[in-house]
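Got the model open in your viewer? Here's a short tour, one selection at a time.

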Amino acid sequence: MEELKWLVVDFFQAFAAGLLVGGTYGLMCVGLGIIFGVMRVVNFAHGDFMMLGMYAAYYLVTGFGVLAFLGPYAAPIVGAALAGPIVFVIGWLLHRYLIARVTGARVVSAEAEGHYSQIILTLGIALVLANGGLILFGSTPLSVQTPLSRESWEIGLIFLNQARTIGFLMAVAFAIGLYVFLTRSSLGKALRAAADNPIAAAYVGIDVDRAHRIAFGLGVGITAVAGGLIASSQSFQPYIGFDFVIVMYAGVVLGGMGSILGAFWGGLTIGLVQQMSTLVLPYQLQNTAIFVVFLLIIFFRPQGMFGRVWERT
Amino acid sequence: MLRIRSLNVAYGGLHALTDVSLEVERGQFVAVVGPNGAGKTTLFKTISGVVTPVAGEIRYNEHDLLAVPPAERAQLGIAHVPEGRQVFASMTVMENLEMGAYARNGRARWRESLEMILALFPVLGERRTQLAGTLSGGEQQMLAIGRGLASAPELLMLDEPSMGLAPAVIDAIFERVHQIHKQHGLTILLVEQRVAEALESCDRGYVLETGRVVLEGAHDTLMSNSAVRRAYLGM
Ligand SMILES: Nc1ncnc2c1ncn2[C@@H]1O[C@H](COP(=O)(O)OP(=O)(O)OP(=O)(O)O)[C@@H](O)[C@H]1O
Ligand SMILES: [Mg+2]
């Protein structure tokens, strides 16, 4: 009887851990979802923008300590939020001067060719960012220091790490904020229109290049916030982007391409699978479990779990 | 209102339009007809700025249109309802109409335009929260026209609104287009392969063949032209 009780506790503990991690994965996936799911741009560098978000948060909070005046509790949260606008600007500039050349209305007619050049270009950007990061930031694993990561809330027999819980709540808040922006605001709708049908968007007077730039900046910025949130409960180094890019693509495809909410659920699911798999599998096989679920979904439900099919067949 | 002079457009080395001149006066209904590949869509795309001409001039009111960036052209009161409808498939019917009103004029007159659009196409009101990509072809065409009207345009350009639709639906669409012209006094530039329907009610028509205007004239002139009657009207 006692044994069964601990089995149940373990289960819920893993579930809670999965949920908390999954929230930040969900936010990451939302960022990629805008770029890959909605704009159909293959961005291999997405994980590296997340890495930039982590370092942005780190330098704001710990490194230069600009945010030290906020105290040890608030600073990491504000740091993560500020990583967003910083990486937004980097993404905006990279899109303006490089990525726009292989995306947008001009390459719509040659979709396949567009994708090849996107893959090559963003892979190049990924390598430059990761190795540039190595030169600038060094290879020592870092993390954003917060007393919260050593404290937990107890709910019955379940422990909720405070840093992760707050990260989760922030991630949900950002995802909701972004969703409201994209579905309610005029600019948000214009971004979706420009991604949906660039030529028709130009006909109604939307500046498509500008819309794509903003959407790209927004996508990498949102993922950078997720990175900043994770940075206080996980150590990182400049190559961490490569690990996460897999998680993110799996989440977006799982959630159904083109659906922002779906991308969030996709990321959440990935977090759950990853943590729950530790109940039955050795720790090292966490990511294998993600792939198995990913392949199963692709096999049985290629439109994703939450994908809406809007093309009439 | 719209004055095109000796327009030349080429894709790669291939000429799609050769010395095309065309005029639309305010309040007129002008039709451009011609077979597949004649260059009708190319003409529209050049007016909207998606395609850049090799030579020629397009004047719109007092503007030199070719000097105006494409996204700005919608601000001048030109609405382009593209071939194949091109609705925003992943957005709702209402959002599509709102996007139509993205230009300044459209925003300012959103309420009246919406009322007019829903009166013309009640089905759009019934389906306002449906994703545009799941509408039927006819409904999508109505939405595309509605989106064009939402910008409160001065000039409505329609590229083959009959494409791929059943005859009954085509009749309904043409009827609405006439209504838009007659009741609301909108200037209309229509491209069609369905020559009879298009020429029937136009003020002025152009026949385009392999990128050249082979015939032009007022409604009566064209309808009584023996070449037109033989080639296009089957008489
Ligand atoms: N993007 C393009 N690249 C190369 N050639 C093109 C392109 N678009 C059109 N063309 C060519 O230009 C010519 C005119 O095409 P256009 O689409 O303007 O014809 P259309 O009169 O609209 O025909 P339809 O009635 O079939 O719609 C055709 O020969 C076509 O193959
Ligand atoms: Mg055409």
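Start with ligand 1, which has 13 residues around it. Show the closest ones as sticks: Asn36(B), Lys40(B), Thr41(B), Thr42(B) and Glu83(B). Keep in mind as you click around that this is a predicted model.

Now zoom in on the oxygen atoms of the ligand. Select Thr42(B): an N or O atom in its side chain sits 2.5 Å from an oxygen atom of ligand 1. Next, pick Thr41(B), where a polar side-chain atom lies 2.6 Å from an oxygen atom of ligand 1. Then add Glu160(B), which places a polar side-chain atom 2.9 Å from a ligand 1 oxygen atom.

Time to leave the ligand. Go to helix H7 of chain B, residues 137-150, and pick out Arg147(B) there. What is the nearest side chain of opposite charge to Arg147(B)? Try Asp196(A): it's the one, but it is 7.3 Å away, and Arg147(B) is buried with no salt bridge. Show the neighbours too: Arg147(B) touches residues of chain A, Ala200(A) and Val204(A), and residues of chain B, including Pro82(B), Arg85(B), Phe88(B) and Asn96(B).

Last stop: the cysteines. Select Cys29(A), which is buried, with a relative accessible area of 0%. Over in the other chain, Cys202(B) is buried as well, at a relative accessible area of 3%. How many disulfides are there over all chains? The count is zero, taking a disulfide as a pair of cysteine sulfur atoms within 2.5 Å.

Terms used:
Residues numbered from 1 in each chain as written. Chains lettered and ligands numbered in written order. Predicted model: local features only at pLDDT ≥ 70, side-chain atom pairs only at ≥ 80, totals over all residues. Heavy atoms only, no water. Buried < 20%, exposed > 50% of the residue type's maximum accessible area, 1.4 Å probe, protein only. Helix = DSSP H or I, 4+ residues; strand = E, 2+ residues; numbered from the N terminus. Lys, Arg positive; Asp, Glu negative; His and termini not counted. Salt bridge = Lys/Arg side-chain N within 4 Å of Asp/Glu carboxyl O. Contact = heavy atoms within 4.5 Å. Near = heavy atom within 4 Å. Polar contact = N/O pair within 3.5 Å; in protein donor to acceptor, adjacent residues only side chain to side chain. Lists of a residue's contacts leave out its neighbours within four places in sequence.
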